[in-house]
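User: Please take a close look at one part of this model for me: the pairing of charged side chains. I would like one connected account, with the cut-offs spelled out as you go.

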Amino acid sequence: MVVGPFLSNLTFAIGTPAVFPACNAQSIPSPDVAGVNVTSISAVPYANYSGTNSVEHAFTKTVFSNLNFCNITVTYTHPGRNDQVVTTVLLPELSAWNGRFLGTGGAGWSANLGDGLLVPPLNLGFAVGATDGGVEQQSINTYSSSGWALDSVGNPDLNRLNTWASQAIHEIALIGKDVVASYYNRSAAYSYYTGCSGGGRQSLHVAQRYPNDYDGIAALAPAINWAQFFPTMQWGIHIMDELDYVPPPCELLAFQALATEACDPLDGLTDGVISSPELCDFDPFSVVGSSYACDGANATFSEKGAIVMHAAWTGPRSAKGDFLWWGYQADAPLGTSLMNTTCASPNNCTATRVALPDDWFKYWLAADPALDLAILNRTSWTNYFMDGVERYDSVIGTRWADLSRFRDAGGKILTWHGLADEYIPFNGSVNYYDRVKALDASVDDYYRLFLVPGVEHCFPGAGPYPVGTLDVLMDWVEKGVVPEQLIAQNLSNLDPATGQLSGSANETAGLGRPICLYPKRQVYLGGDPSKLASFECIEPAGAL
C-alpha cells in the first residue's frame with residue numbers, strides 16, 4: 001500500500017468519505033495506458049494533515065497544517081515482466097487545486113522521496129504524482145539497490161532497471177494526468193516535474209526521452225552521467241585503499257578549511273564560501289609537514305593525506321593517468337560524507353564505505369555481492385569504470401544532448417547545482433549544458449543552468465539557498481518571463497510556516513544574493529552582503 005512508504009513522516013488524521021465524496025476508488029476509471037495492466041486502485045481521504053519537513057530541493061516551507069487531500073494509489077504490472085509498480089497521486093480539494101499537475105522524483109536508488117517531496121507542492125495547490133519505480137516491494141532503501149539489483153549472481157535485473165530508470169517515470173505523467181482529469185472532470189492546464197539528485201536525473205530523462213510529458217522541468221543537482229559519477233563517489237576511498245592509508249577526519253577537515261580560507265576571498269567577499277572555483281588553485285601538497293589542530297593536539301599534514309585530497313578534488317584517473325571524470329570543489333564537505341573516517345587511535349583509522357557507489361560496483365558491474373572493492377588495483381578499477389559506461393550509459397546515463405524534441409514541444413528546463421555538492425560534481429551539469437549548447441546555440445531559450453555557491457547536495461550548506469524555484473519556472477512557462485538569475489536567501493531570514501522572508505516589506509526589501517546564469521559568476525561589489533545590490537554577475541576569468 002502506497003500510503004506506507006510515501007506518507008510516513010508527518011502526522012495526519014484520516015478523513016471520512018463524507019468530507020471527500022469524490023475520493024472514491026470506484027469513481028476513478030482505470031487509466032488506459034499502453035503496456036500497463038492495472039491490478040488495483042485505492043482511494044484514501046486525508047483531513048487536517050500536518051507536520052514538519054526540512055528545507056530541501058525546490059521547497060523552503062517546512063511547517064504544514066490543515067491539509068485536506070485524496071490519495072489515489074494505482075498498482076499495475078507490465079505483462080510479461082512479472083513486476084509490480086505503484087503510482088500515487090495526491091489530489092487537493094477542488095477549491096485548493098491550482099489547476100496544475102506536478103510529477104516528483106526520488107534520490108539515490110529510490111524512485112520517490114515520500115512526504116518530503118509530496119507534501120510541499122500539495123500545500124501549494126498542485127496535484128502531485130510519484131512512483132515506486134517497481135522496486136519498493138523489494139527495497140525502500142535510498143542508498144542501496146541490493147534488494148532488487150540481481151536476478152541471480154552474475155545476472156543484473158535489466159528489466160527492473162529499465163522500469164525504475166525510465167518507464168515508470170514516464171508513467172507518472174500518463175497515469176497521473178489521467179487520474180487528475182477523472183477526479184476534477186478537467187485536465188491540468190500545465191504539467192511540471194521536479195526532483196533533485198536522482199530526481200534531477202529523472203527530470204532530465206523525461207525531457208530527453210518523453211518530451212511531451214511536461215511543460216516545465218526543474219532538474220536540480222541532477223544525477224546524470226550516472227556511470228561516470230557513481231565511481232567518482234568511491235574514488236577517494238579507492239585512493240585510501242591504494243595507499244593503505246586512511247586519514248583521520250580532522251586531517252581531511254583541515255585540508256578543506258585551508259582550501260576554503262585560500263579561495264573564499266577570490267570573489268571579493270570572505271564569507272566561508274568558494275564562489276569563484278575557476279580561480280581556486282590551492283595545492284594540498286603545499287602544506288605537507290605543517291601542523292593542524294586535531295582533538296586538542298597538534299598533528300602534521302601527511303603526503304598521503306594530500307594525495308587523497310588532491311585525488312578527490314581533481315577526480316578519477318585511469319591506470320595510464322587519463323582523465324575519467326571531474327572531482328569535487330574544495331569546500332564540498334567530503335570528510336563528513338563520501339570520505340567519512342573514524343579512528344580508534346591516531347594511526348588506526350577506517351573509512352566508512354558508502355553503499356551508493358559500492359552497490360554500483362558489486363551489483364551492476366561485477367554482479368557479485370561478494371566483490372571486495374578494497375583489493376581492486378587501478379587497472380581493475382578503471383576497467384569497471386569503463387564497463388559501466390559501455391553497458392549502462394543508454395539506460396541510466398541520461399546524457400543525451402539533443403533536446404530538440406523537448407524544445408519543439410515548447411518545454412522549459414531550469415537547473416541549479418550547488419558548487420559545494422559533496423556527492424555529484426557540479427561539472428557534470430556544466431558539461432551536459434555545454435554539450436547541449438554545442439548542438440543548439442539557442443539553448444538558453446529553453447534550458448538554463450545556474451550554479452549556486454555554498455550549496456551542498458540538494459540541501460543548504462554554508463551559502464544562501466535558492467528560493468522560489470518553481471515560481472520562476474512557472475513564470476517562464478506560463479508568462480514568458482525569462483529567468484536571468486535566481487535569488488538565494490539566508491535561511492535564518494525565512495519564516496518556516498511560509499518559506500518566505502520574515503518581516504515587513506521595508507525590512508526584507510532587496511535581501512538576497514543573485515545566483516548567476518551560467519557561465520556568469522557572482523562577484524561582490526561592496527556594501528551590505530545581505531543585499532542583492534552588493535553583487536553582480538560577470539563572465540568568468542577561465543573555465544570552471
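**Charged pairs and their surroundings**

Analyst: Asp-387 is partly exposed, with 26% relative accessible area (buried means under 20%, exposed over 50%, partly exposed in between, with a 1.4 Å probe and protein chains only). Before going on, a word on the basis: this is a predicted model, where local features need pLDDT of at least 70 and side-chain atom pairs count only at pLDDT 80 or more, while totals for chains, interfaces and linings use all residues. Residues are numbered from 1 along each chain as its sequence is written, and side-chain values use heavy atoms, with hydrogens and water left out.

Back to Asp-387, whose partner is Arg-391: the two form a salt bridge with closest N and O atoms 3.0 Å apart (a side-chain nitrogen of Lys or Arg within 4 Å of a carboxyl oxygen of Asp or Glu). Both residues sit in helix α9 (residues 378-397), four residues apart, about one turn of the helix. Helices here are DSSP runs of H or I with at least four residues, strands are runs of E with at least two, and numbering starts at the N terminus. Arg-391 is also partly exposed, at 34% relative accessibility.

By this rule the count comes to 13 salt bridges. Side chains of opposite charge can pair when their charged atoms come close. Arg-353 and Asp-358 are one such pair, with 3.0 Å between the closest N and O atoms. Here the settings are mixed: Arg-353 is partly exposed at 31%, whereas Asp-358 is buried at 7%. In Arg-407 and Asp-408, the closest N and O atoms are 2.9 Å apart; Arg-407 is partly exposed at 31%, while Asp-408 is exposed at 59%. Salt bridges with shared partners also link Asp-241, Arg-353 and Asp-358 into one network.

Some of this pairing happens between domains. The assignment, which is automatic or from a database, gives domain 1 (16-225 + 398-538) and domain 2 (228-392). Across their interface the rule finds two salt bridges. Asp-271 and Arg-513 also meet through their side chains in a salt bridge, at 2.7 Å from N to O. The interface of the two domains holds twelve residue pairs in polar contact as well, both residues at pLDDT 80 or more. A polar contact is a pair of N or O atoms within 3.5 Å; within protein, one must be able to donate a hydrogen and the other to accept it, and residues adjacent in sequence count only if both atoms are side-chain atoms.

As for the interface overall, 44 residues of domain 1 are in contact with 39 of domain 2, contact meaning heavy atoms within 4.5 Å. About 3,200 Å² is buried between the domains, 67% of it from carbon and sulfur atoms; this is the accessible area (1.4 Å probe) that two parts lose on being put together, summed over both.

For contrast, look at a polar contact: the side chain of His-170 reaches the side chain of Asp-213 at 2.7 Å. His-170 is found in helix α3 and is buried, at 18% relative accessible area. Beyond neighbours within four places in sequence, His-170 is in contact with Tyr-210 and Asp-213.
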